[in-house]
Amino acid sequence: MVMAKGRGRAGVPPEDATLKLMSHRILVVEDEPDLLDAVVFALRKEGMKPIACKDGEEALTLVKERRPDLVLLDLMLPGLDGFEVCRRLRASEETARIPIIMVTAKAEETDAVIGLGVGADDYVRKPFGLKELVARVRSLLRRSAEPPEAVGQPIRYGELEVDPARHEVRLRGKSIPVTATEFRLLVHLARNPGRVYSRAQLLDKAVGTDVIVIERNIDVHISALRRKLEDYGDRLLTIRGVGYKLVE
Ligand code: CA
């Protein structure tokens, strides 16, 4: 077949050992069967190992059993919805740092999820192109794999500590679960206290510019950080029309 010929080499063994070692496990939680199939197919074509899942309860079980490298999570699911799944994953120390991309169907849904601060690392709105989705997955995998300049002493602000070496944020000695993106943002701001960064600069430093990401995503992560940092959240200042800074 012409299509098959265009897709790749003939005679590729079904189980390519090298590919298997390199491939990431992606848990795809989606209740629309056609869309689930399409996403699973697209990820597999990229050499990843998608794990298909149709509901929220199963998603929580599969995260524990299969330890995916990333979760692609539809918001509107029967039973346990994406919001609740995300909240539970973040609440458990074991699963708090798993990168999550939340898939929503409407702009209002994205806003609602953001407002509730469940802390997904990225948001994709339906309908999405499969190419764009794969690019987002890759981008998030990449930035989650590289700890942000994992060197140096913990940075202290009174009772708040940002520890790049241990990839940990502590408030009054207690570890605060932050997402990979939130952590990178906070490390960057904390290393340069008082300095104002534009959203574009923060995107570049913490989110990566290899895919088109709206600058508003930065606002989302900053809001989530403010909530998590409790009384220290006030130190993350919005500089109107410019961006953000962290003050001591
Ligand atoms: Ca759905």
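Biologist: Hi! Is D219 buried or exposed?

Modeller: D219 is buried, with a relative accessible area of 18%, where buried means under 20% and exposed over 50%, with a 1.4 Å probe and protein chains only. This is a predicted model, in which local features need pLDDT of at least 70 and side-chain atom pairs count only at pLDDT 80 or more, while totals for chains, interfaces and linings use all residues. Residues are numbered from 1 along each chain as its sequence is written, and side-chain values use heavy atoms, leaving out hydrogens and water.

Biologist: Got it. Which residues is D219 in contact with, leaving aside neighbours within four places in sequence?

Modeller: Those are R199 and Y244, with contact meaning heavy atoms within 4.5 Å.

Biologist: Switching topic, what coordinates the calcium ion?

Modeller: D31 (OD), D74 (OD) and M76 (O) do, at 2.1 to 2.3 Å. Donors are N, O and S atoms within 2.8 Å of the metal, or 3.2 Å for Na, K and Ca; water is not among the atoms, so sites may look incomplete.

Biologist: How are those donors spaced along the chain?

Modeller: They follow D-x42-D-x1-M.

Biologist: And is D74 buried or exposed?

Modeller: D74 counts as buried because its relative accessibility is 3%.

Biologist: What lines the largest cavity?

Modeller: The lining includes V28, L35, F128 and also D74. D74 is thus a name you have met already, as one of the calcium ion's coordinating residues.

Biologist: What classes of residue are in that lining?

Modeller: Nine are nonpolar, none polar and two charged. Here Ala, Val, Leu, Ile, Met, Phe, Trp, Tyr, Cys and Pro count as nonpolar, Asp, Glu, Lys and Arg as charged, and the others, Gly among them, as polar. A cavity is a set of points on a 1 Å grid over the protein atoms alone where a 1.4 Å probe fits but cannot get out, and lining residues have an atom within 4 Å of a point.

How values were computed
On a 1 Å grid over the protein atoms alone, a cavity is a set of points where a 1.4 Å probe fits but cannot get out, and a pocket is an open set with protein on both sides within 12 Å along at least five of seven lines; lining residues have an atom within 4 Å of a point.
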